[in-house]
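Visitor: I have the sequence and the model open side by side. Please pick a part that rewards a close look and walk me through it slowly, pairing by pairing and contact by contact.

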Amino acid sequence: MRGLRHLSLASVAMVLGRVPCRLNSRGGQPPAPLGARILTNPEDVFQHNMWDHVKWSEEEKEKARQKADDNSNFRIPLEEQGKYDIDACKFWDSFYETHQDKFFKDRKWLFLEFPELLPLGLESSATEERPCGLRAPCPEPGVSGREKETGQQRQHAPSHQHIDPLTSDCQQSCNQDGRDTAGAARQTSSFPGEHATFRIFEVGCGAGNSVYPIVSSIKDTGAFLYCCDFSPRAVQLVKDHPDYDQSVCHAFVQDVCDEVGSFPFPPLSLDVILLVFVLSSIHPERVQGVVTRLSQFLKPGGILLFRDYGRYDLSQLRFKKGRCLSENFYSRGDGTCVYFFTKDEVHSLFSNAGLEEIQNLEDRRLQVNRGKKVVMRRVWMQSKFKKPQPLAPPL
């Protein structure tokens, strides 16, 4: 942290200039606004808690790279890494047992950044609430305490590893829930939300911090929300919420890394898939398979919305030596894991799944602790990818 206190304020002031709208990767202007609190005078850095569109100098990029290299030189021994696969469910259930639904705030910024979550006709009302150029709410990952956004999926355990009874019971709950849900759909030749005109699927719903802002916005619109999580305890928290309404929402336990797992909806049935701070918790060797399988459920023209950690974010640089599992992939003290993406990696990840890029950005911000006079750099990835329409048959 000491090094973070001495960032060059002159370099902090190097910004893109006042940008009234979030630009997509091709230079167009998608409908969602991006924060536009631009630091133009270094002396003003402690006047606000967050500054947007912050550029890094080449020197600062090199310092960040060296810090990441340094904390990844000493890795968790291979013989110890298996537990982060095997006990993933137990780690997440322990987290939700301790914190319940009190740790993360509801993501009320969702519709400003992702108006595509709303059915056609409601999108414009979401973006019109705030004129283009005003600052969007900050994403909720903080810098004090645990910095992990809600998003929890499991990396598969090697088959030779021993599985203790608690973990085994947790995994059986996940598998049984998925089989029961899919089986019921097959037996009745129907599925939850089959009559909906607009279907959303959130992967890694946690305790419902995205679920309930979405549910409250789609009631009486003909839309339907599916949400899943690897943690049975998290899904139960969603179902126990007083606003849980089965007429507009279906929550279920699902391990999206399971290559043969069934979902409670058929392929080509979803309009939107939401992945917010969830892919970073999956082993990087398994992420491509997850995205490819999920993309099969999008309708042609459907959209996948992604937000997650970016390379050299503050939370990566703060890891101590001995917490690294593999390159840019770390384990926290509570056993959960996190990966830090680059823009090129994100593009490849979704393009290889057959999706077309709409937006692919690095969201670089300067987070400020005005009380302690500490300046901290945050990096998030934000992307939108679309499933292409099938090619018309030749005449």
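Guide: Happily! One term comes before the tour: two strands are said to pair if DSSP finds at least two bridges between them. Please also keep in mind that this is a predicted model.

A small sheet makes a good warm-up. Strand β8 (residues 329-331) and β9 run antiparallel and are joined by three bridges, with Tyr 330 having Val 338 as its bridge partner in β9. These two belong to an open sheet of three strands, ordered β7-β8-β9, with antiparallel pairing. β7 (324-326) and β9 (337-339) each have a single partner strand and stand at the edges, so each has one side without a neighbour in the sheet. From one strand to the next, the twist averages 30°.

Now to the part I would linger over, the hairpin of β10 and β11. Here 13 bridges join the two strands, which run antiparallel. One of the matched pairs is Glu 356 with its bridge partner Lys 386 in β11. Four residues lie between the strands of this hairpin, and Lys 373 takes a positive phi near 60°. β10 is mostly covered, with 10 of its 14 residues buried. β10 has another pairing as well: strand β1 (residues 50-52) meets β10 in the antiparallel sense over three bridges, and Trp 51 stands opposite Leu 366 there.

For a closer view of the hairpin, look at Ser 383, whose place is in strand β11. Ser 383 has a relative accessible area of 0%, and is therefore buried. The side chain of Ser 383 makes a polar contact of 2.7 Å with the side chain of Asn 360. Leaving aside residues up to four places away in sequence, Ser 383 touches Phe 114, Leu 304, Leu 305, Phe 306, Val 346, Gln 359, Asn 360 and Leu 361.

Val 346 in that list takes us on to a helix. α12 (residues 343-351) has Val 346, Leu 349 and Phe 350 as its buried residues. These three lie on the same side of α12, because they cover an arc of only 85° around the axis. That fits a familiar rule: an α-helix has 3.6 residues a turn, so residues three or four places apart point the same way. The buried residues of α12 pack against β10 (356-369) and β11 (374-386), and also against β5, α10 (284-295) and β6 (298-309).

β5 in turn leads to our last stop. Strand β5 (residues 270-276) runs parallel to β2, and four bridges join them; the bridge partner of Ile 200 in β5 is Val 272. β2 also pairs with strand β3 (residues 223-229) in the parallel sense, over six bridges, and there Ile 200 stands opposite Leu 225. Ile 200 thus has a partner in β5 and another in β3. Between β2 and β3 in the chain comes helix α8 (residues 211-218), and β2, α8 and β3 make a right-handed β-α-β unit.

How many residues of β2 are buried? Six of the six residues in this strand (198-203) are. In a regular strand the side chains alternate between the two faces of the sheet. In β2 both faces are covered: Phe 198, Ile 200 and Glu 202 are buried on one side, and Arg 199, Phe 201 and Val 203 are buried on the other.

Key
Residues numbered from 1 in each chain as written. Predicted model: local features only at pLDDT ≥ 70, side-chain atom pairs only at ≥ 80, totals over all residues. Heavy atoms only, no water. Buried < 20%, exposed > 50% of the residue type's maximum accessible area, 1.4 Å probe, protein only. Right-handed = clockwise from strand over helix to strand, strands pointing away. Arc of directions from axis to C-beta. Contact = heavy atoms within 4.5 Å. Axes fitted to C-alpha atoms, helices over the stretch in contact; angles between N-to-C directions. Polar contact = N/O pair within 3.5 Å; in protein donor to acceptor, adjacent residues only side chain to side chain.
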